[in-house]
Amino acid sequence: MSSLALIQEVVSYAPFAAIGAGLAAIGAGIGIGRIGGSAMDAIARQPEMQGKIQASAIVLLAFVEAVALFAVVVALIAK
């Protein structure tokens with residue numbers, strides 16, 4: 001048995017998976033906050049564009065959530 005196989009048997013990847021899932025959640029929170037803040041700033045500057053800005057922000061929020069969910073699932077499967 002090679003030394004790499006022995007290391008893979010001994011090392012548990014669960015803590016690394018938990019850290020990865022946590023980082024994905026933190027990143028998603030930061031991204032959603034930036035999108036929301038930028039959208040509110042844009043609406044404050046041009047209130048007549050509120051509908052288009054809000055629709056774009058909702059689509060972007062969905063993309064960020066999808067990427068975050070994908071990252072969490074990959075991190076948990078990797079353990």
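Modeller: Let me start with the yardstick for burial: a residue is exposed when its relative accessible area is over 50%, buried when under 20%, and partly exposed in between. Please keep in mind that this is a predicted model.

Colleague: Thanks! Why is Arg45 called exposed?

Modeller: Arg45 has a relative accessibility of 65%. The bar is over 50%, so Arg45 counts as exposed.

Colleague: And what makes Asp41 partly exposed?

Modeller: Asp41 has 40% relative accessibility. That value falls between the limits of 20% and 50%, and therefore Asp41 counts as partly exposed.

Colleague: How do you know that Arg45 forms a salt bridge with Asp41?

Modeller: The closest N and O atoms of Arg45 and Asp41 are 3.4 Å apart. A salt bridge needs a side-chain nitrogen of Lys or Arg within 4 Å of a carboxyl oxygen of Asp or Glu, so the pair qualifies. The structure holds one salt bridge.

Colleague: Why are Arg45 and Asp41 separated by about one helical turn?

Modeller: Because both sit in helix α2, which covers residues 14–45, and they are four residues apart there.

Colleague: Let's move along that helix. Why is Ala24 called buried?

Modeller: Ala24, also in helix α2, has a relative accessibility of 14%. Buried means under 20%, so Ala24 counts as buried.

Colleague: Which residues does Ala24 touch, leaving aside those up to four places away in sequence?

Modeller: Ala24 touches Ala68, Ala71 and Val72; a contact here means heavy atoms within 4.5 Å. Val72 is 48 residues from Ala24 in sequence, yet their C-alpha atoms are 6.2 Å apart in space.

Colleague: Is Leu23 buried or exposed?

Modeller: Leu23, which lies in helix α2 too, has a relative accessible area of 54%. The cut-off for exposed is over 50%, so Leu23 is exposed.

Colleague: Which residues make the nonpolar surface patch?

Modeller: Leu23 is one of them, together with Tyr13, Phe16, Ile19, Ile26 and Ile30. The patch has an area of about 650 Å².

Colleague: Nice. What about the chain as a whole: how many helices and strands does it have?

Modeller: The protein chain has three helices and zero strands, and its elements run α-α-α from the N terminus on.

Colleague: How much of the protein chain do buried residues make up?

Modeller: Of the 79 residues, 14% are buried. The chain exposes about 5,800 Å², with 72% of that supplied by carbon and sulfur atoms.

Terms used: Residues numbered from 1 in each chain as written. Predicted model: local features only at pLDDT ≥ 70, side-chain atom pairs only at ≥ 80, totals over all residues. Heavy atoms only, no water. Helix = DSSP H or I, 4+ residues; strand = E, 2+ residues; numbered from the N terminus. Buried < 20%, exposed > 50% of the residue type's maximum accessible area, 1.4 Å probe, protein only. Areas by Shrake-Rupley, 256 points an atom, 1.4 Å probe, with all protein chains shown as cover. Patch = residues over 30% accessible without salt bridge, like charges linked within 9 Å, V, L, I, M, F, W, Y side chains within 5 Å.
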